[in-house]
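Here's a quick briefing on how one chain is held together, from strand pairing to charged side chains. Have a look at the model first.

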Amino acid sequence: MLIASARGLLPRLDAAIFADTGWEPRAVYAHLDRLERDIAEPAGIPVRRVSSGNIRADALDASHRFASMPLFIRNPDGGDGMLRRQCTNEYKLKPIKRAVRDMLGYPGRTYIPRGVYAEQWIGISTDEIGRARDSGLKFSRNVFPLLDLGWSRDDCREYLTAEGFGTTPKSACIGCPYHGNAQWRALRDGAPDEWKDAVDFDASIRSGNARATANGVPLLGQAFLHRSRKPLDKAPIDHVTRNERAAELGDPDGCSPYGCRSGEAVE
C-alpha cells in the first residue's frame, strides 16, 4: 500500500506506522530500511517506528509486566492447553493507537472531539475479506484499499515483484508460536543465528520462568513454542502434513493486529 501510494496508484499517505516488537528477523528490518529510504522518503511520506518494548527481553524479565504470548502448554495431568494471546495488543495495537493519537494532536488520554479521526489503511486482500472489520475506535476508521482495488494476494505479489520488492519478508516475531513448520524450517535453514535464538528462548520458557502465566497464576505445566509441545530443536518441523502443505501453498498461520489465523479452518 505504501508503494502504491508513493507511485500515485493510491492517495498520498500522511504517514506509515511500523509497530516494532523488538524481535523481528533481520530481513524484516532490512526491508523496512529499504522501503523507507527508496520509497517513502522520496515521496515525502514519513515512516513512524513505534514500540512498547522488546518482547523477548520483557518475557525473560521476571520483574517486568508481560503480556502473555500464545505458548503451547503441557499440563501435569497430561492435558494440553494454550496461553491467551495478549502480546499483539500490547506490542502492536497499543503503540499504533498512541501514534495515531499523537498525529491527530491528542496524545495520551486527551479527549478527542467528535468528528476528529484518522483513516487507517489495513492491507487485507480479497482472499481474506472475512478479516476486514471496523476498528471499534471513534478516532480511527479502518479503510481497505486492496479490497477497493480488487487485489488478491497473488495480485499483491505480482505488484511487489514489478516494483523490485518480490522478496518481501513476512513480519513476525522470531519466536512466534504461530509459526508453521515451513516458517520454522526457513528459520533453521536460512537464519541459523535467529534459529538458535528461538531455540534458546524456547528452552528458557519451559517451566514458566519466562513470565508464562495464565490470568496471573504461575504456570504449573510446561510451555513450548512449537505446537507439538516438544523442545523446538527436537520438534517435528520437517514433517509436512496435508494441512501444512495446503497452508504453505496458500497463506501460513500467523498473527496480525487486525486479524489472526492459526490452526485448521473452522466452518
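Arg74 sits across from Gln222, a residue of strand 9. Strand 9 and strand 3 (residues 72-74) run antiparallel and are joined by three bridges. Keep in mind that this is a predicted model, where local features need pLDDT of at least 70, side-chain atom pairs count only at pLDDT 80 or more, and totals for chains, interfaces and linings use all residues. Residues are numbered from 1 along each chain as its sequence is written, and side-chain values use heavy atoms, with hydrogens and water left out.

**The sheet**

- Strands 4, 3 and 9 make an open sheet of three strands in the order 4-3-9, with antiparallel pairing; two strands pair if DSSP finds at least two bridges between them.
- Strand 4 (80-82) and strand 9 are the edge strands, so each of them pairs on one side only.
- From one strand to the next, the twist averages 30 degrees (axes are lines fitted to C-alpha atoms, and angles run from 0 to 180 degrees between N-to-C directions).
- Helices (H or I, at least four residues) and strands (E, at least two) are DSSP runs, numbered from the N terminus.

**Salt bridges between distant parts**

- There are 19 salt bridges in the structure, each one a side-chain nitrogen of Lys or Arg within 4 Å of a carboxyl oxygen of Asp or Glu.
- Arg56 pairs with Asp197 in a salt bridge, and their closest N and O atoms are 2.7 Å apart.
- Because Arg56 belongs to helix 3 (residues 55-59) and Asp197 to helix 8 (residues 192-204), this pair ties together parts 141 residues apart in sequence.
- Arg56 is buried at a relative accessible area of 19% (buried means under 20%, exposed over 50%, partly exposed in between, with a 1.4 Å probe and protein chains only).
- Asp238 and Arg188 also form a salt bridge, at 2.8 Å from N to O.
- That pair spans 50 residues, from the loop between strand 9 (222-224) and helix 9 (242-249), where Asp238 lies, to Arg188 in helix 7 (residues 181-190).
- Arg188 is partly exposed, with 26% relative accessibility.

**A pair within one helix, and a network**

- Asp154 and Arg157 meet in a salt bridge, 3.0 Å from N to O.
- Both are in helix 6 (residues 153-162), and because they are three residues apart, about one helical turn separates them.
- Asp154 is exposed at 52% relative accessibility, while Arg157 is partly exposed at 42%.
- A network of salt bridges links Asp33, Glu36 and Arg49.
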